[in-house]
Amino acid sequence: MSSKPFKTNRKKKVVHFNGKRNHFALSSGISFPESIKFTKRDAFFRFLSNYENILLKPTSNHSSPTFQVLKDEKGSYKVLTSEGSFLFADKESLFTFLTSKIKTSYLIQQHIPFLQIKNRPFSLKIKVEKRPEGNWDITEKYVKVKGISKQETDILTVKETFSLLNLPLETLTSLDENILKVVKKLERKALRYPMWEISIGIDEQKKLWVTKANSKPLHIKGQKQNVYTVLKSDEFLQPVLPQTHVMNSEEVLWNMLDEHKTIILKPVFGSLGSGVIKVSVQPLSYLIQYRNENKQFLTKKEAFTFLQSMIQNQTYLVQQYIDLATIEGRPLDLRIIVQRNEHSEWVVTGKYAKVASLGYFTTNLATDADVLSIEEAVEKSGLGHLDITKLLQDLDSIALKTAGKLGDISLHQRIWGLDVGIDQKGRIFIIEVNSRPGTKGFRKLKNLDMYKTIRRYKQL
């Protein structure tokens, strides 16, 4: 067995940890499961003799299956896969079966019986970045819980997870210290990159195990679906979130249309309203709107073929359409800015209304949307029956709760921009949350106090 503490997949920049004779793991308070590459027959047999329960998992192609191998008291081997279970009388037939199934690079790893949340596996993710001055800093921290289906996951804060598992919060302090030790070890022993995401499992004795490190992780704050997933786990925010799914199949699109009759398609990584598409079910056709253009199709096949030509290879979300309040037939929504003050507390520093240009269904300033104060927009929109004081209070509560929830994951984020809709009945919905919100709309208001406040908080 190799005594090297790390095994590196250079192509994907993923490091798998090996705990064999790793004294660093013992001194840091974090353990590392032993692992080797699935290549040589004799090495695989030696690994089998050491452990009665092992995993074989792909090092890069995560669409490939994972295999779990269990040894019973009679010396037989059971293999569990997504295709079912298989029984082998000896290790030779087991090895022959695995080599026939495995066509890419795989890792053999000691199986750790990790804790689960509501019978679902989870992994603690900690993102660490190197600052210009050379210090490492933890910038994101969250828990990813496997969903009931392959397409769904839940994202929880670490505090929420520790509470569910009855783990002491003091563990968080030592966890941060130990993760920084791991990253410094990576810096010396493995590849040199300015960012790492460390994956951690917690076993039944509540011991921490580092299972993997990725040097090219995506940020939670930059992905619309991840932000939505974080917020939907909050009971206060759930009612104000429109139903949203990743459009990973044609079936998702039609199911959402059957349920809501009108939906919005938006790119996961889009901004400024670019690429946003509206799809509606008409009595005898399907209406597709993009910017200020409308196209009608008589069949599902024609409509979907056109959508495919627009979406191409991008990842898109399907979102329930909110029947927004309007001014002279033009939909409106609200922009709310939340920032940290000098005490790192979240404060609402500005909000205004955006009214779509004639013929558009999006309210982006890039398409010449009008900017109004919220009070003026409510009065002109037919929502004048609403208690404006209570509305403003509700908006602030939603915005502060959103910033607090996301701030527990993106630890150094100091500003969030919310696009909030009010429907024809006066109900509030969070349409989108941005980590780099534009603020130039505040300069179009008659009163520039909010714009000046936002600028001042950005200097903190």
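**Reading a cavity and a buried glutamine**

Me: How many cavities of 30 Å³ or more does the structure hold?

Reply: Rolling a probe the size of a water molecule over the atoms shows where empty space is left. A cavity is a set of points, on a 1 Å grid over the protein atoms alone, where a 1.4 Å probe fits but cannot get out. The structure holds one cavity of 30 Å³ or more. This is a predicted model, in which local features need pLDDT of at least 70, side-chain atom pairs count only at pLDDT 80 or more, and totals for linings use all residues. Residues are numbered from 1 along each chain, and side-chain values use heavy atoms, without hydrogens and water.

Me: What volume has the largest cavity, and which residues are the closest to its centre?

Reply: A volume is the space filled by probe spheres set on the grid points, joined across faces, edges and corners. For the largest cavity the volume is about 130 Å³. Its lining comprises 13 residues (each with an atom within 4 Å of a point), and Lys224, Tyr228, Ile431, Glu432 and Val433 are the closest to the centre.

Me: Is glutamine 339 buried or exposed?

Reply: Buried means under 20% relative accessible area and exposed over 50% (1.4 Å probe, protein chains only). Glutamine 339 has 2%, so this residue is buried.

Me: Which side chain shares a polar contact with that of glutamine 339?

Reply: A polar contact is a pair of N or O atoms within 3.5 Å, one able to donate a hydrogen and the other to accept it; residues adjacent in sequence count only if both atoms are side-chain atoms. The side chain of threonine 349 lies at 2.6 Å from that of glutamine 339. The glutamine 339 side chain also reaches the backbone oxygen of isoleucine 454, at 3.2 Å.

Conventions: 1 Å grid on protein atoms, 1.4 Å probe; cavity = no way out; pocket = protein on both sides within 12 Å on 5 of 7 lines; lining within 4 Å.
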